[in-house]
Every structure is written in C-alpha cells, then in structure tokens.
Amino acid sequence: MQRLTRIRFLVFPDNGLFRVHGLGARFDRGAAPGLAGGSLLACGPEHLELSTLQGRIEVSVVLEEWDQLPGPDADTGPEAVPWEEAGTATVFLRGYVSVGTDTSGRTLGVRLAGGTGGYHVEVRARRRHAVAARYDHLLQHYRDHGSAEFRRAAESLRGQEEFLLRLSPAGRTSGNDPVRYPTVVSG
C-alpha cells in the first residue's frame, strides 16, 4: 500500500457545498441526491457533493491517491488527529479528479496515476460544527457584516474546517464497475 499523491488546498464552498468530479462528468445523469440538514456527502455516478455547515468560509481539503485501499496504519504520524465524521462512496473517474474551486474561482484538479475507472473515495471531516457555530456567533456579534472588523474575525476561520479525500482504485475486474452510494453519511 503506497500513497501516490497528497495535495492540500483551500476550497470556497458554493452555498455550503463543493463538488469532487472527473473530466466530462455528467451532473444531469444520476444526480446526487440533495444533502439533508447536516449530511456530509451525497454521491452521483461520476461525482460527490460535500457539505460544509457554513457557506462563506474557505475549507481546507487534502486530496490523496493511494495504489490500494489504505489500512488503519495510514493514519499514523503528526497528522493522526481524530476525524469527527466519515463517509465512503465509489465514483467513476476518467483519469483526472477536480475538487470545488480555489480562492480565485478555478477548479483544482489532479491527474490520477490509476487512470480511468472506478475509485473508492473515503471522506473524513473535522471541525464542521465548530466553525459553523463560530461563524454564527460572528453574524450575531457584528451588526455590519461588511465591516473590516467582521472580515478580520471571519478570516480567522479560514481553513479551520478540514476535509480529507482518499481515492483508491475500486475493483477493476470488468469495464463496468458498479457505483456504490454512500455507506456512511454523518451529520
């Protein structure tokens, strides 16, 4: 078991959501079901939608590609801080994965070493509830949400909500890998 890629970046959620998808993903076919209050993720055949509990603060995303499904020993070392929520799904990707947008509005993408096929996606999150509660507190505390003081206070929350996305090849015994919808959705 070997990690092939690890990239960390910030994503600005669009109304509390960001999407993970491959090249040519068709969002109209097999659309992901809506995310009910507090749900972590929803899955379509070629994409995932992930939910933040706030929609105005950038979240930190770590994207990893593994050559096979990582075991529990993958979470050792300095970053072995416990995750609060987790979910899994399987999606079809065409050799490339894009995640949400960066701070300038561009989609960030990575070419996958595993090429085209089904991928098992493990999603973990932490500090979703804490950041949402702190942002709600800011909204109540500052009357002028456009003020410099409010913007400085909101800036301190930037990147505090974290997501880990681990991709590993799903069984590739046939050309038509089944799509498995989330097995765990927390909220």
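Good morning. In this protein chain, among contacts with a separation of 6 or more, 81% join residues 24 or more positions apart. Please keep in mind throughout that the model shown is predicted.

Let me set out the overall architecture. The protein chain contains two helices and eight strands. Followed along the sequence, these elements are arranged as β-β-β-β-β-β-β-α-α-β. The protein chain has 187 residues, and 47% of them count as buried. Its accessible surface is about 9500 Å², and carbon and sulfur atoms hold 51% of that surface.

I turn now to the interior. The largest nonpolar core has 26 residues, and the members that touch the most other members are Leu 48, Leu 50, Val 61 and Val 99. Which strands supply at least two residues of this core? They are β1 (3–11), β2 (17–21), β3 (41–43), β4 (47–51), β5 (59–66), β6 (85–99), β7 (108–126) and β8 (162–169). Strand β7 provides the largest share, with six residues. There is also a second core, separate from this one, made up of eight residues; among them are Ile 57, Tyr 135, Leu 138 and Phe 150.

To make this picture more concrete, I would like to examine one residue, Phe 18, which lies in strand β2. Is Phe 18 buried or exposed? Its relative accessibility is 3%, and because buried means under 20%, Phe 18 counts as buried.

What does Phe 18 touch, leaving aside residues up to four places away in sequence? The list consists of Val 11, Leu 48, Glu 49, Leu 50, Thr 52, Val 59, Val 61, Val 99, Gly 100 and Phe 163. Several names here will be familiar: Leu 48, Leu 50, Val 61 and Val 99 were the residues with the most contacts to other members of the largest core. As a further point of spatial reference, the C-alpha atoms of Phe 18 and Leu 41 are 9.7 Å apart, while the two residues are separated by 23 residues in sequence.

One partner of Phe 18 deserves its own comment, namely Glu 49. Glu 49 sits in strand β4. With a relative accessible area of 14%, Glu 49 is likewise under the 20% limit and is therefore buried. What does the side chain of Glu 49 make a polar contact with? The partner is the side chain of Arg 19, at 2.4 Å.

In closing, I return to the two cores: one of 26 residues, to which β7 gives six, and a separate one of eight residues. Thank you for your attention.

Definitions and conventions: Residues numbered from 1 in each chain as written. Predicted model: local features only at pLDDT ≥ 70, side-chain atom pairs only at ≥ 80, totals over all residues. Heavy atoms only, no water. Core = buried A, V, L, I, M, F, W, Y, C linked by side-chain atoms within 4.5 Å. Buried < 20%, exposed > 50% of the residue type's maximum accessible area, 1.4 Å probe, protein only. Helix = DSSP H or I, 4+ residues; strand = E, 2+ residues; numbered from the N terminus. Contact = heavy atoms within 4.5 Å. Areas by Shrake-Rupley, 256 points an atom, 1.4 Å probe, with all protein chains shown as cover. Polar contact = N/O pair within 3.5 Å; in protein donor to acceptor, adjacent residues only side chain to side chain.
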